[in-house]
Amino acid sequence: MALRNFLIPVFLSIKRDSVLFFITKYLLYGLTRLLFMTYRLKVTLDSNLNKNFSENVGVFYFWHQQTIAAGYFLMKVKAAQHCIVSNSDDGKLVGSVVELFGYKAIYGSAFKNPIQVTRQALKILKDNQSFCIVGDGSRGPAFELKQGVPFLAITANKPLFFVEC
């Protein structure tokens, strides 16, 4: 509880101060890169997947708790060019870090800008590009796939890829 009482004011000051936001973004990027150095990647593929992941166009989704590990996997195999990220204040910080890793962040959710993010996602798929998304959403419940994820894949007639780390 004490840590939470400390972190909330710190986070509020980060999102209000552009210099602090900039520093935090690069600090999180550096720490994540450092964490990635400790990962060892072993890929087990479904028999009908192309081993060259950049050729598997579709929707890559993972659970919220696996965001960092799934991000590492998707980055290493070059599977997705875009990430759908919450447009909340903490999502904007995550999105800025995601962009440092070479992804294009698409901001939105089922609660904020759902029509805009749906149109953007469908255009990405129509252009034969892929994106990644947290399957259980920002509000949960955990490990329960939100209906918008398969909707995007079905509407664009593209496959849905589950990334489990």
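This is a short walk through a predicted model, from its central strand out to its surface.

Start at strand β4, residues 131-134. Both of its faces are covered. Phe-131 and Ile-133 lie on one side, Cys-132 and Val-134 on the other, and all four are buried. In a regular strand, side chains alternate between the two faces of the sheet.

Next, look at the partners of β4. Strand β1, residues 59-62, runs parallel to β4 and is joined to it by 4 bridges. Within β4, Val-134 stands opposite Phe-62. Strand β2, residues 82-85, also pairs with β4 in the parallel sense, here over 2 bridges. Cys-83 has Cys-132 of β4 as its bridge partner.

Cys-132 is a good place to pause. Setting aside neighbours within four places in sequence, Cys-132 contacts Phe-60, Phe-62, Leu-74, Ala-80, His-82, Cys-83 and Ile-84. Several of these names return in the core.

The largest nonpolar core has 23 residues. Those touching the most other members are Phe-60, Phe-62, Leu-74, Tyr-103, Cys-132 and Val-163. Two or more residues each come from β1, α3 (67-77), β2, α4 (89-100) and β4. Helix α3 gives the largest share, 6 residues. A second core is separate from this one and holds 14 residues, including Tyr-61, Ile-124, Leu-125 and Ile-133. In soluble globular proteins, nonpolar side chains tend to be buried together.

Not every nonpolar side chain here is hidden. Leu-27, Leu-28, Leu-31, Leu-34 and Met-37 make a nonpolar surface patch of about 510 Å². Leu-28 sits in helix α2, residues 18-36. Leu-28 counts as partly exposed because its relative accessibility is 35%, and the partly exposed range runs between 20% and 50%.

Now turn to the loops and the backbone. Most residues other than glycine have a negative phi, and most peptide bonds are trans. Three places in this model depart from that pattern. In the loop between α5 (114-126) and β4, Asn-128 has a positive phi, near 60°. The other two places lie past β4. Phe-143, in the loop between β4 and α6, also has a positive phi near 60°. Phe-143 is at 52% relative accessibility, so it counts as exposed. Pro-141 is found in the loop between β4 and α6 (148-156). A cis peptide bond joins Gly-140 to Pro-141, with omega about 0°.

Notes
Residues are numbered from 1 along each chain as its sequence is written. This is a predicted model: local features need pLDDT of at least 70, side-chain atom pairs count only at pLDDT 80 or more; totals for chains, interfaces and linings use all residues. Side-chain values use heavy atoms; hydrogens and water are left out. Patches are made of residues with over 30% relative accessible area and no salt bridge: like charges are joined within 9 Å, nonpolar side chains (Val, Leu, Ile, Met, Phe, Trp, Tyr) within 5 Å. Accessible areas come from the Shrake-Rupley method with a 1.4 Å probe; for residues, only the protein chains shown count as cover. A salt bridge is a side-chain nitrogen of Lys or Arg within 4 Å of a carboxyl oxygen of Asp or Glu. Buried means under 20% relative accessible area, exposed over 50%, partly exposed in between (1.4 Å probe, protein chains only). Two strands pair if DSSP finds at least two bridges between them. A nonpolar core is a set of buried Ala, Val, Leu, Ile, Met, Phe, Trp, Tyr and Cys residues joined through side-chain atoms within 4.5 Å. Contact means heavy atoms within 4.5 Å.
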